[in-house]
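Biologist: I'd like to learn how to read a model like this one, feature by feature. Could you walk me through it?

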Amino acid sequence: MPKFLTKHVITILIVILAIAGFSALLASPFDKTEEVSLSKLVEEINNGSVTQIRVEGNNLKIILEDETKQLSRKEAESSLTESLVNYGVNPEKLGAVNMELKREGGMAYWAGAILPFMLPFLIIGLFLWFMLRSAQRGTSQAFTFAKAKAKLFGPQGKKQDVTFKDVANAVEAKAELLEIVEFLKRPKKFLDMGATIPRGVLLMGAPGTGKTLLARAVSGEAEVPFFSISGSEFVEMFVGVGAARVRDLFETAKKSAPAIIFIDEIDAVGRLRGAGLGGGNDEREQTLNQILSEMDGFERQTNVIVIAATNRPDVLDPALLRPGRFDRRVVIDEPDIKAREEILKIHAKDKPLVKNADLHVVAQRTPGFSGADLASVMNEAAILAAGNNQKTITQNDILISIEKVLLGPERRSHVYSKREKEIAAYHEAGHALVVNSLPHTDPVHKISIISRGKAAGYTLKLPLEDKHFRTKTEFVEELAVMLGGYAAEKGVFNELTTGASSDLQKASDLARKMVMQYGMSDKLGPVTFGDREELVFLGKELGEQKNYSEGTAQEIDKEVSKFIASALKTAQKIIKERKEKLQQIAEVLVKKETIDKKEFEELMAT
Ligand code: ADP
Ligand code: MG
Ligand code: ZN
């Protein structure tokens, strides 16, 4: 039993008890009056001194001529007249007495009658309540979920202090959202025109592109309160709690309309219903249904706009996208070079940067970085500068931070043996040499045998510009680069290490994609194979429907092997022909551990 239910039951019980006790007090003004026996009463009646008898159940309230009051009780089995006659009342005198029959049913009576039966339930109820309370304190806050709580950004229902100024670029998204701001600010304008206020806006974009930021900015621009929940919060809840929370949230928001409700990561509850593994989706479904029915329940003039964000619009339940729900969709693109520079500028604003810092160069070096990545680059740079007791952040601090964000922090503590270091150096040199020898590869940015994150060493290539299409030639050369490390190890030491295994994995994946998805195999032609089915639970490609024959499967394997074999041949040829260069690079690497772009180019020029 959820907390709010137990709580209500207990409140009701307490109220009943209080009323019963109170009315019992009120109902007994006769308490302190004299009690008389039935025979005494008969005597009084026969005397003619009784003016009124009020009958309440078995209780008799007697009023005498001189206004004194007396109490008496009749026998339970027989009626009052019967009893009185038995005691020898004078019927004439009795007729003169004003008899008043009060129906049994006063509060006190009922409470008196029911209480004995209720008591066990009451005790059980109290017991349950205490159990639930301690469970709630002990294990989780599961039971407090029913009330939508402030979660993400400070107090729930507060106007956000972020505006569109704080969001770089995203021009189209801002333009679309400006309309929503107008709706929130001047609903009358639209209602007079007969327009319906939009109910839902779906923000779609890769992680870190600023969806949450934009939603908050809409609240800031429109100066309306912001209520937010995150879809992922619902996933681990008990059935029914999520739905109750949604109901609460919408209720509160409607009360403070105009308002914004922000549902972050809606894909966590809004995934295609019925998909996923096993049971346990009840909660999600109930929560989703509640969101939908709340949105359907909006009146035409309800000035509450639901903004939801997702990075997986492909897995959303179509019910969410029907008209009257999230029928406005705003796509937020990953930032291009100009946008990256603007985002960097925003995050540099409150940081002391050296005068000649060139954020354009930083933007050039960070293709594929999201807004969040860039924010974190600037933050890392600030941390670095502060750690070195600098007064300002230098360009170099920022450039170092790019790698940190890209690869994770350096692990200088990792110690190689001398031979391990040599092998690692030749391995990386092999990659770099192949990159240098082929025309369609991205230039080497840095080579290092300092392990970072998971990688033991790395050869970093960075594209000169953002790329939207890749060509077969590029892929073929990339395969050769991937196998460069393997080829070098084998060519120099005539021995293989486990260091190349992730390279081989990546190369096989790429070759397989070329054959099966991109139609780049000459033999099999422009066909795709396999219905890639995503396991929606994990958002990963796990299963693959085999829609081709065994024979084709063998052909595919052959083609994949052919790509790999030819790439290896290319790599081996380069390693063999330029063995002195390989040795040169490797020796510098062993000595200095890292080679940057300039050094590498100088090394190759000689
Ligand atoms: P999402 O919700 O899309 O995953 P967020 O809105 O949480 O991304 O963005 C994370 C952080 O990245 C923001 O707090 C902000 O610092 C930064 N950021 C992302 N996009 C932008 C942008 N366009 N302009 C400025 N900062 C941005
Ligand atoms: Mg977010
Ligand atoms: Zn490698």
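**Reading the features one by one**

Modeller: Let's start with a lysine: Lys-446 counts as buried, because its relative accessibility is 14% and the cut-off for buried is under 20%. Keep in mind that this is a predicted model.

Biologist: Where is Lys-446 found, and which side chain does a polar contact join to that of Lys-446?

Modeller: Lys-446 is found in strand β11, which covers residues 444–448. The side chain of Lys-446 is joined to that of Glu-403 by a polar contact of 2.4 Å.

Biologist: What about Gln-70: buried or exposed?

Modeller: Gln-70 counts as buried, because its relative accessibility is 4%. Gln-70 lies in strand β4, and its side chain has a polar contact of 3.1 Å with the side chain of Glu-44.

Biologist: Now backbone angles. What sign of phi do most residues other than glycine have?

Modeller: The general idea is that most residues other than glycine have a negative phi. Glu-67 has a positive value, with phi near 70 degrees, and is not a glycine. Asn-494 is not a glycine either, and its phi is positive at about 50 degrees.

Biologist: Where are those two found, starting with Glu-67 and then Asn-494?

Modeller: Glu-67 is found in the loop between β3 (59–64) and β4 (69–73). Asn-494 is found in the loop between α18 (472–493) and α19 (501–516).

Biologist: And how do I read their accessibility: is Glu-67 buried or exposed, and is Asn-494 buried or exposed?

Modeller: Here the cut-off for exposed is over 50%. Glu-67 counts as exposed because its relative accessibility is 63%. Asn-494 counts as exposed too, at 65% relative accessibility.

Biologist: Let's go to the ligand. How many residues surround ligand 1?

Modeller: To read a binding site, begin with the shell, then go through the contacts. Ligand 1 is surrounded by 16 residues, and the closest are Gly-208, Lys-211, Thr-212, Leu-213 and His-347. By type, the shell residues divide into eight nonpolar, six polar and two charged.

Biologist: Which atoms of the protein lie at polar distances, for instance in His-347?

Modeller: An N or O atom in the side chain of His-347 is 2.9 Å from a nitrogen atom of ligand 1. The backbone takes part as well: a backbone N or O atom of Ala-168 lies 2.9 Å from a nitrogen atom of the ligand, and a polar backbone atom of Gly-208 is 2.8 Å from an oxygen atom of ligand 1.

Biologist: How much of ligand 1 does the protein bury?

Modeller: Ligand 1 taken alone exposes 560 Å², and the protein buries 78% of that. As for the elements, those that give two or more residues to the shell are α8 (211–222), α13 (337–348) and α15 (371–387).

Biologist: Why does ligand 1 lie between domain 2 and domain 3?

Modeller: Because both domain 2 (151–332) and domain 3 (337–407) give residues to the shell around ligand 1.

Biologist: Let's take α8 on its own. How do I judge its span?

Modeller: You compare the end-to-end distance with the expected one. From its first C-alpha to its last, α8 reaches 17 Å with 12 residues, close to the 16 Å expected at 1.5 Å a residue.

Biologist: Is α8 mostly covered or mostly uncovered?

Modeller: α8 is mostly covered, with nine of its 12 residues buried. Among the buried residues of α8 are Lys-211, Arg-216 and Ser-219.

Biologist: Last topic: residues apart in sequence. How far apart in space are Phe-326 and Pro-198?

Modeller: For such a pair, you set the separation along the chain beside the C-alpha distance. Phe-326 and Pro-198 are 128 residues apart along the chain, and their C-alpha atoms are separated by 8.5 Å. Phe-326 has its place in the loop between β9 (304–310) and β10 (328–332), and it counts as buried at 1% relative accessibility.

Biologist: And which residue is 86 residues from Thr-570 in sequence?

Modeller: That is Gly-484, at 8.9 Å from Thr-570, C-alpha to C-alpha. Thr-570 is in helix α20 (residues 550–577) and counts as partly exposed, at 30% relative accessibility.

Notes. Residues are numbered from 1 along each chain as its sequence is written. Chains are lettered from A and ligands numbered from 1 in the order in which they are written. This is a predicted model: local features need pLDDT of at least 70, side-chain atom pairs count only at pLDDT 80 or more; totals for chains, interfaces and linings use all residues. Side-chain values use heavy atoms; hydrogens and water are left out. A residue is near a molecule or strand if one of its heavy atoms lies within 4 Å of it. A polar contact is a pair of N or O atoms within 3.5 Å; within protein, one must be able to donate a hydrogen and the other to accept it, and residues adjacent in sequence count only if both atoms are side-chain atoms. Accessible areas come from the Shrake-Rupley method with a 1.4 Å probe; for residues, only the protein chains shown count as cover. Helices (H or I, at least four residues) and strands (E, at least two) are DSSP runs, numbered from the N terminus. Ala, Val, Leu, Ile, Met, Phe, Trp, Tyr, Cys and Pro count as nonpolar, Asp, Glu, Lys and Arg as charged, and the others, Gly among them, as polar. Domain bounds come from an automatic or database domain assignment. The expected span of a helix is 1.5 Å times one less than its number of residues. Buried means under 20% relative accessible area, exposed over 50%, partly exposed in between (1.4 Å probe, protein chains only).
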